[in-house]
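Open the structure in your viewer, switch to a cartoon view and keep the selection box handy. We will go from stop to stop, picking out a few elements at a time.

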Amino acid sequence: MDPIGVAIVGLGWMGRVHTQAYLRVRQHYPALPVPALLAVADDVPGRAADAAARLGFATATTDWRALLDDPRIGAVSITAPNFLHREMGAAFAATGRHLWIEKPVGLSAADARAIRGDGHVTVGFNYRHAPAVQKARALLRSGGIGAVTHARFQFLSDYAAAPESALTWRFLRRYGGSGVLGDLGAHAVDLVRHLLGEIDEVVAADTATFIPRRPVPSGATTGHERGTGPLREVENEDWFAALLRVGAARVVVEASRVAAGEQNNYGFAIHGTNGVLSWDFRRMSELLVDGRPVFAGPGDGEYTAFQPGPGIAMSYDDLKVIEAALFLRSIAEGAPHGPVLSDAIRAAEVLEAIEAKAIDRE
């Protein structure tokens with residue numbers, strides 16, 4: 001197949017992850033179109049030029065709008081901060097480009113709805129691609145644990161647990177929108193929907209900001225660095241919990257960015273009338289079925305593209321390679337594979353309902 005010209009917009013940590021995923025796709029999925037790294041855009045001085053030199057992009061620019069009229073570009077990864085998703089996504093979608101865009105796709109469901117065009121849109125809900133999660137989904141679909149009665153999904157992290165963590169865009173409403181709701185909560189809600197089905201109701205919810213002030217950063221940041229400037233107010237939540245109804249099942253969802261000592265404790269426990277399934281992202285290739293470990297292997301999701309037999313560990317970056325492959329497959333076949341824009345819209349609607357329920361509680 002002809003190569004697909006790719007542009008990356010935003011070269012922070014996630015932009016680098018997307019770039020590396022494109023470079024690895026040809027190794028794991030040789031039958032897919034080859035992504036050609038044509039352009040990179042980032043307004044941080046020197047970042048785009050450095051990426052072009054290190055990673056092989058043909059073009060580097062500080063102005064993403066310069067890429068809109070480049071006829072070589074067929075697909076665009078949007079990995080910039082949340083407040084830019086709507087403007088960038090809508091502009092590229094209007095040109096007919098295919099988009100791989102990171103969640104939560106803007107600051108609201110309205111932002112996600114504004115991205116319209118003829119191209120395919122893949123959304124970065126990467127945790128659903130873990131082969132053990134796909135094994136869980138197959139077991140649930142086949143009635144392996146009977147009817148689901150109740151479940152818990154948790155996304156607990158300590159990336160912002162230090163009070164001296166810099167007040168980056170993530171903590172400001174106009175740039176990040178919600179806090180942990182849009183960051184980790186979006187993944188949790190997507191996993192609920194992917195495994196259990198559509199969310200019918202937000203029954204109850206609560207949110208909290210436990211570190212109300214943080215120091216501003218001294219310059220551009222690429223992750224969760226410490227700040228050295230004056231203290232400013234945090235404008236969104238550090239933690240949330242919600243009780244949902246999915247059919248007859250009750251589902252508790254909790255996420256925190258300030259859970260000291262909890263490093264990427266992401267996962268779920270799903271109880272049914274005949275058993276229980278549980279999964280911990282930190283042991284990504286292992287699914288517990290009634291407390292017994294069952295390892296992902298060939299036949300579970302995209303596992304075979306990476307490993308020949310069960311029990312060989314996979315990584316977070318592998319999930320993004322899977323995501324890149326599904327994106328390219330969607331383009332090649334003209335049919336969606338993996339999470340699409342409607343999934344981002346529905347997740348945002350649920351998160352907004354959770355936030356509204358928490359405000360009503362106050």
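**Stop 1: the six-stranded sheet**

Begin with the open sheet of six strands, which run in the order S3-S2-S1-S4-S5-S6 and pair in parallel. Keep in mind that you are looking at a predicted model. Colour strand S3 (59–61) and strand S6 (121–123): these stand at the edges, and each has a single partner strand, so one side of each has no neighbour in the sheet. If you look along the sheet you can follow its twist, as neighbouring strands are turned by 20° against each other on average, direction ignored.

Now select strand S4 (residues 75–78) together with strand S5 (residues 98–101). Four bridges join this parallel pair. To see one of the pairings, show Ala75 and His98: His98 in S5 is the bridge partner of Ala75.

**Stop 2: Val123 on the edge strand**

Stay with the sheet and select Val123, which is found in strand S6. Is Val123 buried or exposed? Its relative accessible area is 0%, so Val123 counts as buried. Show its surroundings as sticks and you will find what Val123 touches: Ile101, Lys103, Val105, Glu323, Pro339, Val340, Leu341 and Ala344, leaving aside residues up to four places away in sequence.

For a distance exercise, draw a line from the C-alpha of Val123 to the C-alpha of Arg245. The two are 122 residues apart in sequence and 24 Å apart in space.

**Stop 3: two helices in contact**

Next, select helix H5 (residues 131–141) and helix H7 (residues 180–196). Their axes are 9 Å apart, and the helices pack at an angle of about 40°. That angle makes H5 oblique to H7.

Turn on side chains to see who makes the contact. From H5, pick Val133, Gln134, Ala136, Arg137, Leu140 and Arg141; from H7, pick Leu191, His194, Leu195 and Leu196. What is the character of the residues in the contact of H5 with H7? Six are nonpolar, two are polar and two are charged.

**Stop 4: Gly146, after H5**

Follow the chain out of H5 and select Gly146, in the loop between H5 and strand S7 (148–156). Then add Thr273 to the selection. Although 127 residues separate Gly146 from Thr273 along the chain, their C-alpha atoms are 5.0 Å apart. Gly146 touches both Thr273 and Asn274, not counting residues up to four places away in sequence.

**Stop 5: two hairpins in a row**

From there, select strand S13 (residues 265–272) and strand S14 (residues 275–280). This pair is antiparallel and is held over six bridges, and a hairpin of two residues joins S13 to S14. Show Ala269 to find it standing opposite Ser278 in S14.

Extend the selection to strand S15 (residues 286–289). S14 and S15 run antiparallel and are joined by three bridges. The hairpin between S14 and S15 passes through five residues. Here, Trp279 stands opposite Leu287 in S15.

**Stop 6: salt bridges**

For the last stop, switch to charged side chains. How many salt bridges are there in this model? The count comes to 27, and three of them make a good sample.

- Select Asp50 and Arg54. Their closest N and O atoms are 2.7 Å apart in a salt bridge. The two residues are four apart in helix H2 (residues 47–55), so about one helical turn separates Asp50 from Arg54. Asp50 is partly exposed, at 38% relative accessibility.
- Select Arg65 and Asp63. The closest N and O atoms of this salt bridge are 3.6 Å apart. Arg65 is partly exposed, with a relative accessible area of 42%, and Asp63 is also partly exposed, at 32%.
- Select Arg193 and Glu198. Their side chains meet in a salt bridge, at 3.0 Å from N to O. Arg193 counts as buried at 16% relative accessibility, while Glu198 counts as partly exposed at 36%.

Finish by widening that last selection to Arg113, Arg193, Glu198, Asp343, Arg346 and Glu349. Salt bridges that share partners join these residues into one network.

Technical notes: Residues numbered from 1 in each chain as written. Predicted model: local features only at pLDDT ≥ 70, side-chain atom pairs only at ≥ 80, totals over all residues. Heavy atoms only, no water. Axes fitted to C-alpha atoms, helices over the stretch in contact; angles between N-to-C directions. Parallel < 35°, antiparallel > 145°, perpendicular 65-115°, else oblique. Contact = heavy atoms within 4.5 Å. Nonpolar A, V, L, I, M, F, W, Y, C, P; charged D, E, K, R; others polar. Pairing = 2+ DSSP bridges. Salt bridge = Lys/Arg side-chain N within 4 Å of Asp/Glu carboxyl O. Buried < 20%, exposed > 50% of the residue type's maximum accessible area, 1.4 Å probe, protein only.
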